[in-house]
Amino acid sequence: MSNAVVNGLAGAGGGIIAQIITYPLQTVNTRQQTERIAKKSESRGGGTLVQLLEVIRSEGIGGLYSGLKPSLLGTAASQGIYYYFYQVFKNKAEAIAASNKRNGRGDGTVGILSWLLVAALAGSLNVLFTIPIWVLVTRMQTHTQAEHKILEAKKEALLREYSESGLIGSSLHDKLRELDSVKPNPYGTLHAAYEVYNEAGIKGFWKGIVPTLIMVCNPSIQFMIYETSLKYLKSKRSDKKQSSSNVTALEVFVVGAIAKLGATVTTYPLLVVKSRLQAKQEISTNNSLRYSGM
């Protein structure tokens, strides 16, 4: 089995495990990204924990795992595609570097710009192939949130109607109770796909493609830091003439975490934009809460 296939399978397996463990936080994170009006609870701090407990209270544990099935498919596909093409392009870059060394150019190692290009090419192919899955995942993670917004808009319209007519009484309270009793409709992968298609047709499945493609620089930054750090560790051990220049699993974990942290902090604003474009546009008379593009 080639290195590219092995890396693709390993990336898919590791990605699935990580996705299952962190999915509740991802769900809350996506809901916070698509929340357009700051909540009072968040302004006082503890927003993530408060929202976790609120989701459990109102939707049960299952609410934290909305969209998990397509997410696992998307994770497996994304990690597999990314690591496969990353290894393919990495092998090519290393072959070019070795060829240049034989021709008297360079020291035979791949430069930082080459690592950036390798990661960018792999990331772009990954985005083009898998973004429809992530559009569905975002819709499913934010469906209940969107339904609550629609319900709140209906309540506001009802209160405004009764206030203008001066007819505030038992009929208003009955209608408000009726609205409060409405539960979000069952919402699965097919429901999400149907909704996206009805809103924007086939092109709706590629909503947020522009910021997502720009976010290709995230893995580029991540792997630049990762590969450079590993190269530094190995060279230090070679200089000290240690018996083995191989890095340990713990060192790989720490280097990978630091690399991902640096890349995430840099590109997070684009992630917010992508999530808001992919989420259902709120039904409201306030046009500032609707987005027409990036």
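Tyr86 is a good place to start in this predicted model: with a relative accessibility of 4%, this residue counts as buried. Its neighbour in the helix, Tyr82, is buried too, at 7% relative accessible area. Both tyrosines belong to helix H4, which covers residues 68–102, and they sit four residues apart, or about one turn of the helix. An α-helix has 3.6 residues a turn, so residues three or four places apart point the same way. That fits what comes next.

How many aromatic pairs does the model hold? The count is six. One of them joins Tyr82 and Tyr86, whose rings are stacked, with 6.0 Å from centre to centre and 15° between the planes. These two tyrosines also take part in something wider, since ring pairs link Tyr82, Tyr83, Tyr86 and Trp115 into a cluster.

Stay on H4 for a moment and look at Phe85 and Phe89. They too are four residues apart in this helix, so about one helical turn separates them. Their rings form a stacked pair, 6.2 Å centre to centre with 25° between the planes. Are these two phenylalanines buried or exposed? Neither quite: Phe85 is partly exposed, at 23% relative accessible area, and Phe89 is partly exposed with a value of 23% as well. The cut-off for buried is under 20%, so Phe85 at 23% falls outside it. Tyr82, at 7%, falls inside.

Now for the packing around those tyrosines. The largest nonpolar core has 14 residues, and the members that touch the most others are Tyr82, Tyr86, Val110, Phe223 and Tyr226. Four elements give two or more residues to this core: H4, helix H5 (112–165), helix H9 (217–239) and helix H10 (249–278). A second core, separate from that one, is made of twelve residues, among them Val127, Val135, Phe205 and Ile209.

The UniProt record is worth a look here. Its unreviewed entry places the feature "transmembrane region" at residues 110–135, 205–226 and 247–271. In the model, residues 110–135 are 92% helix and 0% strand, with 35 Å between the end C-alpha atoms. Residues 247–271 are likewise 92% helix and 0% strand, and here the end C-alpha atoms lie 32 Å apart.

Stepping back, what is the whole chain built from? The protein has ten helices and zero strands, so from the N terminus on the elements read α-α-α-α-α-α-α-α-α-α. Out of its 294 residues, 37% count as buried.

Helix H7 (residues 189–200) makes a neat worked example. At 1.5 Å a residue, its twelve residues should span 16 Å, and the end C-alpha atoms are 17 Å apart, which agrees. Which residues of H7 are buried? They are Ala192, Ala193, Glu195 and Val196. Because these residues cover an arc of only 165° around the axis, they lie on the same side of H7. The face turned away from that buried side carries the exposed residues Leu190 and Tyr194. Just after the helix, Gly201 takes a positive phi of about 70°.

A few single residues round off the tour. Thr34 is in helix H1, which runs over residues 3–34, and it is buried at 5% relative accessible area. A polar atom of the Thr34 side chain lies 3.0 Å from the backbone oxygen of Thr30.

Leu52 takes you to helix H3 (residues 47–59). This leucine is buried, with a relative accessible area of 17%. Leu52 and Val28 are 24 residues apart in sequence, but their C-alpha atoms are 6.5 Å apart in space.

Leu176, in helix H6 (residues 170–180), also counts as buried, at 17% relative accessibility. Which residue can you pair it with across the sequence? Try Lys154: Leu176 and Lys154 are 22 residues apart along the chain and 9.4 Å apart in space, C-alpha to C-alpha.

Definitions and conventions. Residues are numbered from 1 along each chain as its sequence is written. This is a predicted model: local features need pLDDT of at least 70, side-chain atom pairs count only at pLDDT 80 or more; totals for chains, interfaces and linings use all residues. Side-chain values use heavy atoms; hydrogens and water are left out. UniProt positions are given in the numbering used here, feature names are shortened, and annotations may be inferred rather than shown by experiment. Rings of Phe, Tyr and Trp (its six-membered ring) pair if their centres lie within 6.5 Å; planes under 30 degrees apart count as stacked, over 60 as edge-to-face and the rest as tilted. Buried means under 20% relative accessible area, exposed over 50%, partly exposed in between (1.4 Å probe, protein chains only). A nonpolar core is a set of buried Ala, Val, Leu, Ile, Met, Phe, Trp, Tyr and Cys residues joined through side-chain atoms within 4.5 Å. The expected span of a helix is 1.5 Å times one less than its number of residues. The arc is that of the directions from the helix axis to the C-beta atoms. A polar contact is a pair of N or O atoms within 3.5 Å; within protein, one must be able to donate a hydrogen and the other to accept it, and residues adjacent in sequence count only if both atoms are side-chain atoms.
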